[in-house]
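Me: Could you take a close look at one part of this model, the place where the parts of the chain come together, and follow it step by step? I would like a connected account rather than a list.
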Amino acid sequence: MDFSIPSHIQELRQAIHEYIQEELYPLEAEMLAHGWSATEEVLQAKREEVKERGWWAPQMPKDLGGAGLSLLEFSHISEVLGQSPFGHYVFNCQAPDAGNMEILHEFATPEQQEMYLEPLLAGEIRSCFAMTEPMNAGSNPTKMSTMAVKDGDEYVINGRKWFTTAADGAAFTIVMAITDPENENKYQRASLILVPMDTPGFQLVRNISVMGEPGEGYASHAEVSFDNVRVPLENLLGGEGAGFAMAQARLGPGRIHHCMRWLGICERAFALMCQRCAERELSEGKPLGTRQIAQAWIAECRVEINAARLMVLQAAWKIDNEGTYAAREEISLIKFYVAGVLQKVLDCALQLHGALGMTDDTPIAYWYRHERAARIYDGPDEVHKMVVAKRILRNYGM
Ligand SMILES: Cc1cc2nc3c(=O)[nH]c(=O)nc-3n(C[C@H](O)[C@H](O)[C@H](O)COP(=O)(O)OP(=O)(O)OC[C@H]3O[C@@H](n4cnc5c(N)ncnc54)[C@H](O)[C@@H]3O)c2cc1C
């Protein structure tokens, strides 16, 4: 593959980087001190600005109102957006909406697209994705208790989900529920169903407090329940029994988005770390950066970020050229590798900032709390390692 960045993407990347530094970095202190909702209003204004500049929803096709970038092109932009906690949200390519847009674009009927995709793309509503359940191991998504039973021309849904990110304030959820429990193929038992949040029987039970943060609005991770929730059969997304396959299709490109966002975080934390090493004097004329242990961390972080980026770009290139299925191994490799690099870079940056690293005067502590989850969501490290090792060992007759 060609690793060079096309000149039009380089220019776009540069322009977006400048915008983020000038317009979004100054808003971070307010959010770090008072939570996401403190900046909600000003972020809406920034979203309008981004629309006017033609940068809106960069991952979506132009005819739908996006910027029409390929996955590989978007990867370069996603990295720059990741350098601010606001980047993806302001550009309308944030999880879980971005994944839902992709799934609706690929699998929804024209009526479903009009009702759900269009307002989502326009930034008028938010959405969420409810798959994980408190009582079942999320790392094995074929094991699920939530049921959707046909009754006349409706599905009746019963069950409980949690870690439904951004559920608080969302207009609808895509829920994964069992529709064919007897199917011999466990991968064909579940379906994806669209559920407006104001449907009777649907309840947001609580916003789960995560890593010391209560979480609200877009920053929420909610526990939600479905108690005889009735929706028309037309709310089925894709085919019945295709839920697992569609969720996997959603997760492939989604992992590229996450990994490039994480690399953006790495670059910002790395820059802050180097700045601190150059400025913080330990003794007269001897800044922190003169110490070999700090130098070793700088070099180690640099090499791991660079290596991780090449791996992610290669995976994105393979998805663009050969499809998500062909790139399964690469996707698993980057998911656990880049999540690990992120933890290391954030830990080094926090450590070298000393007490300042523990404060919310820089975004490092915020990311240190938030991004610990990177090793868990979208498949824990252990599952991805198992997937890769099994595929490799098959070549050895195992
Ligand atoms: C911040 C955050 C946001 C999330 N957002 C969403 C969302 O929007 N929608 C949604 O549906 N879900 C969401 N999730 C849930 C996430 O997808 C699950 O947490 C994940 O799939 C793991 O499931 P689990 O938590 O039930 O862990 P479990 O399945 O109980 O696994 C626990 C641990 O066991 C180990 N383990 C698991 N399987 C294996 C194995 N095969 N071999 C060895 N060890 C293993 C791993 O260390 C794993 O971390 C989110 C989670 C977090 C933390």
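Reply: A suitable place to start is Phe163, which is buried because 21 other C-beta atoms lie within 10 Å, and 20 or more are needed for a residue to count as buried. The model is a predicted one, and in it Phe163 has a positive phi of about 55° although it is not a glycine. Most residues other than glycine have a negative phi, and most peptide bonds are trans. The place of Phe163 is in strand β3, and β3 (154-165) leads on to the ligand, since this strand, β1 (127-130) and α13 (381-394) each supply at least two residues of the shell around it.

That shell consists of 19 residues, the closest to the ligand being Met131, Ala137, Gly138, Ser139 and Thr165. By residue type it divides into 12 nonpolar, six polar and one charged. Domain 2 (127-237) and domain 3 (244-394) both contribute residues to the shell, and therefore the ligand lies between these two domains. In the loop between β1 and β2 (147-151) lies Pro134, which is exposed, with 12 other C-beta atoms within 10 Å. Leaving aside neighbours within four places in sequence, Pro134 is in contact with Arg160, Trp162 and Glu223, whereas Pro134 and Tyr155, 21 residues apart in sequence, are 22 Å apart from C-alpha to C-alpha.

The domain assignment also gives a domain 1 (7-121), and the C-alpha centres of domain 1 and domain 2 lie 25 Å apart. Where these two domains meet, 16 residues of domain 1 are in contact with 14 residues of domain 2. On the domain 1 side, the elements that give two or more residues to this meeting are α6 (97-107) and α7 (110-121), and α6 gives the most, with five residues. That side of domain 1 divides into nine nonpolar residues, four polar and three charged.

Taking α6 in turn, its buried residues are Asp97, Ala98, Gly99, Asn100, Met101, Ile103 and Leu104, and what covers them includes α7, β1, β4 and α8 (243-279). Thus β1, which supplies at least two residues to the shell around the ligand, is also among the elements that cover the buried residues of α6. Ahead of the helix, in the loop between α5 (87-90) and α6, is the place of Pro96, and a cis peptide bond with omega of about 0° joins Ala95 to Pro96.

The companion helix, α7, has Tyr116, Leu117, Leu120 and Leu121 as its buried residues. Seen down the axis of α7, these buried residues fall within an arc of 120°, and so they line one face of the helix. An α-helix has 3.6 residues a turn, so residues three or four places apart point the same way. On the other side of α7, Glu111 and Glu114 are exposed, while the buried residues pack against α6, β1, β4 (172-178) and β5 (190-196). There is also a detail in the geometry of α7: although it has 12 residues, its end C-alpha atoms are only 15 Å apart, short of the 16 Å that a straight helix would reach at 1.5 Å a residue. Just after α7, Gly123 takes a positive phi of about 80°.

Two other buried residues, one in a loop and one in a helix, can be set beside this picture. Ala57, in the loop between α3 (40-52) and α4 (71-81), has a positive phi of about 40° although it is not a glycine, and Ala57 is buried, with 25 other C-beta atoms within 10 Å. Trp367, found in helix α12 (residues 364-370), counts as buried with 23 C-beta neighbours inside 10 Å. Apart from neighbours within four places in sequence, Trp367 is in contact with Ile265, Ala269 and Leu346, whereas the C-alpha atoms of Trp367 and Asp378, 11 residues apart along the chain, are separated by 18 Å.

Conventions:
Residues numbered from 1 in each chain as written. Predicted model: local features only at pLDDT ≥ 70, side-chain atom pairs only at ≥ 80, totals over all residues. Near = placed C-beta within 6 Å. Helix = DSSP H or I, 4+ residues; strand = E, 2+ residues; numbered from the N terminus. Nonpolar A, V, L, I, M, F, W, Y, C, P; charged D, E, K, R; others polar. Domains from an automatic or database assignment. Contact = placed C-beta atoms within 7 Å. Expected span 1.5 Å × (residues − 1). Arc of directions from axis to C-beta.
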